[in-house]
Amino acid sequence: MRTLEGQGVTKYFGGLAAVSNVDFHVDRGEIVGLIGPNGAGKTTLFNLTSGALPLSSGEITFKGQKIRGLKPHRVCKMGVSRTFQETKVFGNMPVLQNVLVGAFFGSPNRISAADAAREASQALEFVGLSAMAGNSIQDLTLVSQKRVEVARALATRPELLLLDELMAGLNPAEVSEAMELVAKIRDTGITIFIVEHVMKAIMGICERIMVLHHGEKIAEGTPQEIASNKTVIEIYLGEETHAGS
Amino acid sequence: MDIIRLFTTHRKLLAVGSLLLILIFLTTFPLYGNDYYIRLLTTILMYTVLAVSWAMFSGATGYMSLATAAFFGVGVMTTAFLEGTLPFLVIIVIGGLLASALAFLIGLVTLRLRGVYFAIFSFGFVMFIGEIVFYIDTHILHNIWGHNLTPPDPGVLLYMMLGLVVVTLVTIYFIRRSRYGLALLSIGGNEEAAKHMGINTTRTKVILFTISAVFMGAAGAIFAPAIIHIQARIAFNIFNSFLPILMAIFGGMGQFYGPVVGAFVFGYLDAALKVEFQQYFMLGFGIILILVILFLPNGLAGLVPMLQGKLGGVIAKWRKGGEAEQHANT
Ligand SMILES: Nc1ncnc2c1ncn2[C@@H]1O[C@H](COP(=O)(O)OP(=O)(O)OP(=O)(O)O)[C@@H](O)[C@H]1O
Ligand SMILES: [Mg+2]
């Protein structure tokens with residue numbers, strides 16, 4: 001079953017087509033990777049999916065329901081949750097309260113304070129941060145803050161989770177931990193759409209990968225197919241020599 | 001020893017006890033305080049309502065509202081126009097409702113604006129509505145000399161304001177602890193993230209901004225007779241927007257009681273020192289405020305946990321010393 005589907009998805013910022021006529025889909029239970037050089041339009045595609053930005057044209061559906069025109073809080077209640085590339089935690093509350101917000105407001109039905117509290121501690125435990133529950137969020141490292149974002153997203157009880165560069169800035173050991181976490185989330189039955197620059201991670205956990213470049217989808221396939229795709233290699237090699245200079 | 005234990009184990013009981021004492025003091029005040037102090041206390045309580053209601057919305061969300069004076073002024077003018085036609089309690093309720101209706105409209109239009117734009121707009125709004133009401137009052141209704149209200153019984157006014165303070169504090173206490181309090185706080189923490197966690201931020205902001213204005217309007221309606229001679233330009237004095245903010249910052253917004261403490265300390269200093277020192281007062285107050293912001297980022301209320309930490313250490317040491325002594329004796 002199609003959990004998420006996009007047809008002709010297009011977003012203009014002024015004259016710039018950040019996302020241009022992209023067709024894509026994510027099936028139930030999959031982990032789908034979204035890669036591409038800086039400025040390719042990956043985050044923009046997430047923003048269109050979560051309702052943060054309106055589409056210029058095209059349509060995105062979640063379980064057959066149109067997302068176009070819906071505000072982020074509606075999309076969240078439908079079952080789509082996300083983390084942010086630039087961490088957006090609630091700096092004015094302790095760690096547990098951050099997650100509690102997701103638990104309280106994320107589900108489509110009104111939930112009791114006791115249930116929300118239980119949900120929040122479970123989510124925090126799931127990402128391995130129970131010990132930090134009472135800490136001020138600003139005392140946590142950026143890595144841990146990203147994990148809190150994951151817990152907060154999980155507390156909304158999503159069916160689809162959008163992860164935007166969860167692993168940026170992690171050391172190799174932390175990357176494997178993060179990969180385990182993603183696999184563990186999928187095992188609970190949550191479908192995952194993930195943007196990542198760490199190739200080893202994306203190749204290791206994704207069943208399918210899409211590649212964006214200048215807002216256009218230039219390739220799609222299994223990790224092996226993508227790894228041997230000429231255009232993709234050119235783009236990434238080009239970027240590396242560029243970055244290396 | 002027992003007293004120390006009482007302090008550490010029965011904190012809630014002590015809080016309720018001291019609250020009761022304060023309430024008893026305030027309610028019996030007209031029996032022994034003279035008129036000057038009764039008026040001063042009424043003013044302080046009025047500022048308490050403004051500071052606490054302001055902090056509930058603006059302190060939590062970070063949306064700096066400068067519209068407090070507008071809502072307060074609507075309350076004042078409600079009494080000015082309706083005095084004598086309806087029971088005072090009804091007028092107070094009308095004042096609160098009119099202010100909140102206004103807040104609802106402003107909220108719908110302006111709460112989409114971020115940060116400083118919202119602050120500036122709400123500031124301009126006070127000026128705008130003040131002038132509009134002034135124009136209507138003088139040119140259309142021909143109340144050229146303003147409104148002279150019947151001088152009130154200061155004791156009665158104090159009780160009314162005290163009643164409003166209690167209602168305001170109880171309501172806001174529960175709002176802060178409720179899911180709406182959490183929603184407001186998350187908007188202040190990161191509005192974009194709050195939206196993505198399922199919060200209808202626009203609706204939350206408008207509703208709670210509207211609720212905060214009820215108390216501000218009611219405070220204006222109750223306080224109006226104390227002004228005695230009312231003109232729109234006095235009723236909508238922009239200082240009523242700034243003072244509560246200073247009080248809330250001064251007292252500390254992290255704690256529920258911070259703005260209350262701020263209103264009392266500042267309100268008293270304001271009245272007591274202004275008469276004697278006049279221009280030096282604002283200077284001195286400015287210096288104190290800067291010191292508070294620099295060294296007590298959580299306001300006066302931030303002193304309490306700090307002192308508790310220090311005091312706790314001292315008590316623990318003292319206990320250990322005592323125990324060691326006992327051991328030595330055996
Ligand atoms: N809100 C916005 N307003 C204007 N332009 C934007 C906005 N958001 C993104 N862009 C532009 O759209 C293009 C795509 O940006 P996007 O953030 O989607 O890229 P990305 O693939 O996520 O890149 P990165 O790997 O650096 O995160 C970029 O050129 C960017 O400058
Ligand atoms: Mg991005």
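**Strand 9, chain A**

I started with strand 9 (residues 208-213) of chain A. Five of its six residues are buried, so the strand is largely enclosed by the rest of the structure. I note that this is a predicted model.

I then looked up its partners. Strand 3 (residues 31-35) of chain A pairs with strand 9 of chain A in the parallel sense, over four bridges. There I found L34(A) opposite M210(A). Strand 10 (residues 216-221) of chain A runs antiparallel to strand 9 of chain A, and five bridges join the two. V211(A) stands opposite A219(A) of strand 10.

I checked the turn as well. The hairpin of strands 9 and 10 of chain A has two residues between the strands. H214(A) takes a positive phi there, near 50°.

**R208(A)**

I picked one residue of strand 9 of chain A, namely R208(A). Is R208(A) buried or exposed? R208(A) has a relative accessible area of 12%. The cut-off for buried is under 20%, so R208(A) counts as buried.

What does its side chain reach? I found the backbone oxygen of H25(A), at 2.7 Å from the side chain of R208(A). I also listed contacts, leaving out residues up to four places away in sequence. R208(A) touches H25(A), V26(A), D27(A), E30(A), I31(A), V32(A) and G33(A). It also touches E220(A) and G221(A).

**The four-strand sheet, chain A**

Next I looked up an open sheet in chain A. Its four strands have the order 2-1-4-5, with antiparallel pairing. Strand 2 (16-27) and strand 5 (65-66) stand at the edges. Each has a single partner strand, so one side of each is left without a neighbour in the sheet.

I followed one pairing inside this sheet. Strand 1 (residues 2-13) and strand 4 (residues 57-62) of chain A pair antiparallel over five bridges. Q7(A) has E59(A) of strand 4 as its bridge partner.

**The second largest pocket**

Last, I turned to the second largest pocket. It holds about 940 Å³ of space. I counted 38 lining residues. Closest to the centre are N92(A), R176(B), L185(B), M253(B) and G254(B).

Which elements give two or more residues to the lining? From chain A, I noted helix 3 (95-106). From chain B, I noted helix 3 (35-61), helix 7 (154-177), helix 8 (179-189) and helix 14 (279-295). Helix 8 of chain B gives the largest share, seven residues.

I sorted the lining by residue type. The split is 19 nonpolar, 16 polar and three charged.

Key. Residues are numbered from 1 along each chain as its sequence is written. Chains are lettered from A and ligands numbered from 1 in the order in which they are written. This is a predicted model: local features need pLDDT of at least 70, side-chain atom pairs count only at pLDDT 80 or more; totals for chains, interfaces and linings use all residues. Side-chain values use heavy atoms; hydrogens and water are left out. Buried means under 20% relative accessible area, exposed over 50%, partly exposed in between (1.4 Å probe, protein chains only). Two strands pair if DSSP finds at least two bridges between them. On a 1 Å grid over the protein atoms alone, a cavity is a set of points where a 1.4 Å probe fits but cannot get out, and a pocket is an open set with protein on both sides within 12 Å along at least five of seven lines; lining residues have an atom within 4 Å of a point. Grid points are joined across faces, edges and corners, and a volume is the space filled by probe spheres set on the points. Ala, Val, Leu, Ile, Met, Phe, Trp, Tyr, Cys and Pro count as nonpolar, Asp, Glu, Lys and Arg as charged, and the others, Gly among them, as polar. A polar contact is a pair of N or O atoms within 3.5 Å; within protein, one must be able to donate a hydrogen and the other to accept it, and residues adjacent in sequence count only if both atoms are side-chain atoms. Contact means heavy atoms within 4.5 Å.
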